[in-house]
Amino acid sequence: MGNMTGTLIYVVGLMAVFYLLFIMPQKKQQKKRAEVMEQIKVGDEIVTIGGLMGIITYMDGQIIKIKAGEGVELTFLKTAIAGPKSALIKEVDEEEVNIDDLEDYMDDEEKSEN
C-alpha cells in the first residue's frame with residue numbers, strides 16, 4: 001500500500017510540473033495573442049505568419065484583406081496574421097546604424113571572396 005501511495009504522489013507531481021512548465025505558459029501566450037488579434041482593425045499595419053507586411057483594408061469574421069502594395073490586395077484567414085507590425089518589429093533608431101561600418105564590412109567580405 002505504501003509503494004502505491006509513493007507512485008501516486010510521484011505521478012501527480014510529474015503532472016503538476018508538466019502543467020506548470022508546458023500548459024500554463026502556452027495558455028498565457030494564447031490568451032495574449034487572442035487579445036492582440038481582437039484589437040486589430042481596418043487601417044492597421046500587420047505582418048502575416050509568412051512575413052508579408054501590409055495594411056488591413058477589409059475584415060469580416062475570419063477573413064482579412066490586406067493591401068501589400070500598389071494595386072495588390074490579398075485575402076487571408078485571420079489565423080494567418082502574426083500580429084500588428086508595431087508589436088513584431090522593433091524600431092531601429094537611424095542614429096544607431098552606421099552605414100560606413102556596413103559598407104566597410106561588405107567591402108571586406110568581397111575582398112575575402114576573391
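A salt bridge is taken here as a side-chain nitrogen of Lys or Arg within 4 Å of a carboxyl oxygen of Asp or Glu. With that in hand, a good place to start in this predicted model is the pair Lys 41 and Asp 44, whose side chains form such a bridge with an N to O distance of 3.3 Å. Asp 44 has a relative accessibility of 18% and therefore counts as buried, the cut-off being under 20%.

The rule yields 2 salt bridges in total. The other pair to consider is Glu 45 with Lys 85, where the closest N and O atoms lie 3.6 Å apart. This bridge ties together distant parts of the chain, since Glu 45 sits in strand 1 (residues 45–48) and Lys 85 in helix 2, 40 residues apart. Both partners fall in the partly exposed class: Glu 45 has a relative accessibility of 43%, and Lys 85 has a relative accessible area of 27%.

The wider fold gives these pairs their setting. The protein contains 3 helices and 5 strands, arranged along the sequence as α-β-β-β-β-β-α-α. Of its 114 residues, 13% count as buried. Among contacts with a separation of 6 or more, 34% join residues 24 or more positions apart.

Turning to the interior, the largest nonpolar core is made up of 7 residues, namely Met 37, Ile 40, Ile 46, Ile 56, Ile 64, Ile 66 and Ile 81. Ile 64 offers a helpful viewpoint on this region. Leaving aside residues up to four places away in sequence, Ile 64 touches Ile 40, Ile 56, Tyr 58, Met 59, Leu 74, Thr 75, Phe 76, Lys 78 and Ile 81. Ile 40, Ile 56 and Ile 81, which appear among these contacts, are also members of the core.

Met 37, another core residue, leads on to the largest pocket, as it is part of the lining there. This pocket holds about 220 Å³ of space. Its lining comprises Gln 29, Gln 30, Lys 32, Arg 33, Val 36, Met 37, Ala 82, Gly 83, Pro 84, Ala 87 and Leu 88. Two or more of these residues come from each of helix 1 (2–39), strand 5 (81–84) and helix 2 (85–88). Helix 1 supplies the largest share, with 6 residues. By character, the lining divides into 6 nonpolar, 3 polar and 2 charged residues. Helix 2 thus recurs in this account, because it contributes to the pocket lining and also carries Lys 85 of the bridge to Glu 45, a residue counted as partly exposed at 27% relative accessible area.

Note on methods
Residues numbered from 1 in each chain as written. Predicted model: local features only at pLDDT ≥ 70, side-chain atom pairs only at ≥ 80, totals over all residues. Heavy atoms only, no water. 1 Å grid on protein atoms, 1.4 Å probe; cavity = no way out; pocket = protein on both sides within 12 Å on 5 of 7 lines; lining within 4 Å. Points joined across faces, edges and corners; volume = space filled by probe spheres on them. Helix = DSSP H or I, 4+ residues; strand = E, 2+ residues; numbered from the N terminus. Nonpolar A, V, L, I, M, F, W, Y, C, P; charged D, E, K, R; others polar. Core = buried A, V, L, I, M, F, W, Y, C linked by side-chain atoms within 4.5 Å. Buried < 20%, exposed > 50% of the residue type's maximum accessible area, 1.4 Å probe, protein only. Contact = heavy atoms within 4.5 Å.
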